[in-house]
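Student: Please take a close look at one part of this structure, the pocket, and then work outward from there to the parts around it.

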Amino acid sequence: MRDFAAIDFETANEYRCSVCSVGVVVVRDGEIADSYYSLIRPEPEYYQWFCKKVHGLCEDDTYDAPVFPEVWKNIAPLIEGLPLVAHNSRFDEGCLKEVFKVYRMDYPDYEFYDTLSASRKKLGRVLPDHKLDTVAAYCGYDLRNHHHALADAEACAAIAVKLL
């Protein structure tokens, strides 16, 4: 796969619609062509302690952040016509579908590919696990800021270039 957009969401609480940040990396001809990051005011607007512990974001970070439809207006043109790639795409695709429902937006049936599944199929027992940071390191990407949506999207893009 040479042209795609890697995407990663972080959520504020147990609801997949509660996206609080997004990172997108656009790859064209196997090279990073563009990227985008934004905080998002989540819906519902509260943070579960576990989520805060994972990504470090809290209410103060997203208090003045735009809501999802405003953020998506910037992302949609970047990813138009591209398949989307995520590590554990069931999570990120689920987030996208749920937040579209919350805001009553028409979901355009994005095509998703999963680097987690690709890693399991292609690398099997070569790796001790198939977590994003482990697979990224194997593919030559040093993921230093794990659970920052843009860093995770960059890692996913590096994996996709190698494995998809």
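Tutor: What follows starts at the pocket, then turns to the cores, a helix residue and the loops.

The model is predicted. Its largest pocket has a volume of about 480 Å³. Of the 21 residues in the lining, Asp8, Glu10, Asn88, Phe91 and His147 are the closest to the centre. The lining is evenly split by class, with seven nonpolar, seven polar and seven charged residues. Strand S1 (4–11), helix H1 (49–55) and H4 each contribute at least two residues to the lining.

Asp152 connects with several of these residues. Asp152 is found in helix H7, which spans residues 149–163. With a relative accessible area of 3%, Asp152 is buried, because buried means under 20%. Beyond residues up to four places away in sequence, Asp152 touches Asp8, Glu10, Leu132, Leu143, Asn145, His146 and His147. Among these contacts, Asp8, Glu10 and His147 also belong to the residues closest to the centre of the largest pocket. Asp152 also lies 9.1 Å from Val24, C-alpha to C-alpha, although the two are 128 residues apart in sequence.

Val24 leads to the nonpolar interior. The largest nonpolar core has 23 residues, and those with the most contacts inside it are Ile7, Phe9, Val24, Phe68, Trp72 and Leu96. Two or more residues of this core come from each of S1, strand S2 (19–28), helix H3 (68–79), strand S4 (84–86) and H4. H3 gives the largest share, five residues. S1 and H4 thus appear both in this core and in the lining of the largest pocket. Trp72 is in contact with Ile7, Phe9, Pro77, Ile79, Leu96, Phe100, Met105 and Tyr110, not counting residues up to four places away in sequence. Apart from this core lies another, of twelve residues, among them Ala118, Val135, Cys139 and Leu143. Leu143 is also one of the residues that Asp152 touches. In soluble globular proteins, nonpolar side chains tend to be buried together.

Thr134 is in helix H6, residues 132–138. Thr134 counts as buried because its relative accessibility is 18%, under the 20% limit. Leaving aside neighbours within four places in sequence, the contacts of Thr134 are Leu127, Pro128 and Asp129.

The loop between H4 and S5 holds two residues with unusual backbone angles to note. Arg104 is in this loop and has a positive phi of about 55° although it is not a glycine. Asp109, in the loop between H4 and S5 as well, also has a positive phi of about 55° without being a glycine. Arg104 is exposed, with a relative accessible area of 78%, and Asp109 counts as exposed at 63% relative accessibility.

Glu111 lies in the loop between helix H4 (89–102) and strand S5 (112–114). Glu111 counts as partly exposed because its relative accessibility is 47%, which falls between the limits of 20% and 50%. The side chain of Glu111 makes a polar contact of 2.6 Å with the side chain of Tyr113. Outside its neighbours within four places in sequence, Glu111 is in contact with Pro83 and Leu84. Glu111 and Val85 are 26 residues apart in sequence, with 8.4 Å between their C-alpha atoms.

One further backbone feature is in another loop. Pro44 is found between strand S3 (31–39) and H1, and a cis peptide bond, with omega of about 0°, joins Glu43 and Pro44.

Conventions: Residues are numbered from 1 along each chain as its sequence is written. This is a predicted model: local features need pLDDT of at least 70, side-chain atom pairs count only at pLDDT 80 or more; totals for chains, interfaces and linings use all residues. Side-chain values use heavy atoms; hydrogens and water are left out. Helices (H or I, at least four residues) and strands (E, at least two) are DSSP runs, numbered from the N terminus. Buried means under 20% relative accessible area, exposed over 50%, partly exposed in between (1.4 Å probe, protein chains only). Contact means heavy atoms within 4.5 Å. A polar contact is a pair of N or O atoms within 3.5 Å; within protein, one must be able to donate a hydrogen and the other to accept it, and residues adjacent in sequence count only if both atoms are side-chain atoms. On a 1 Å grid over the protein atoms alone, a cavity is a set of points where a 1.4 Å probe fits but cannot get out, and a pocket is an open set with protein on both sides within 12 Å along at least five of seven lines; lining residues have an atom within 4 Å of a point. Grid points are joined across faces, edges and corners, and a volume is the space filled by probe spheres set on the points. Ala, Val, Leu, Ile, Met, Phe, Trp, Tyr, Cys and Pro count as nonpolar, Asp, Glu, Lys and Arg as charged, and the others, Gly among them, as polar. A nonpolar core is a set of buried Ala, Val, Leu, Ile, Met, Phe, Trp, Tyr and Cys residues joined through side-chain atoms within 4.5 Å.
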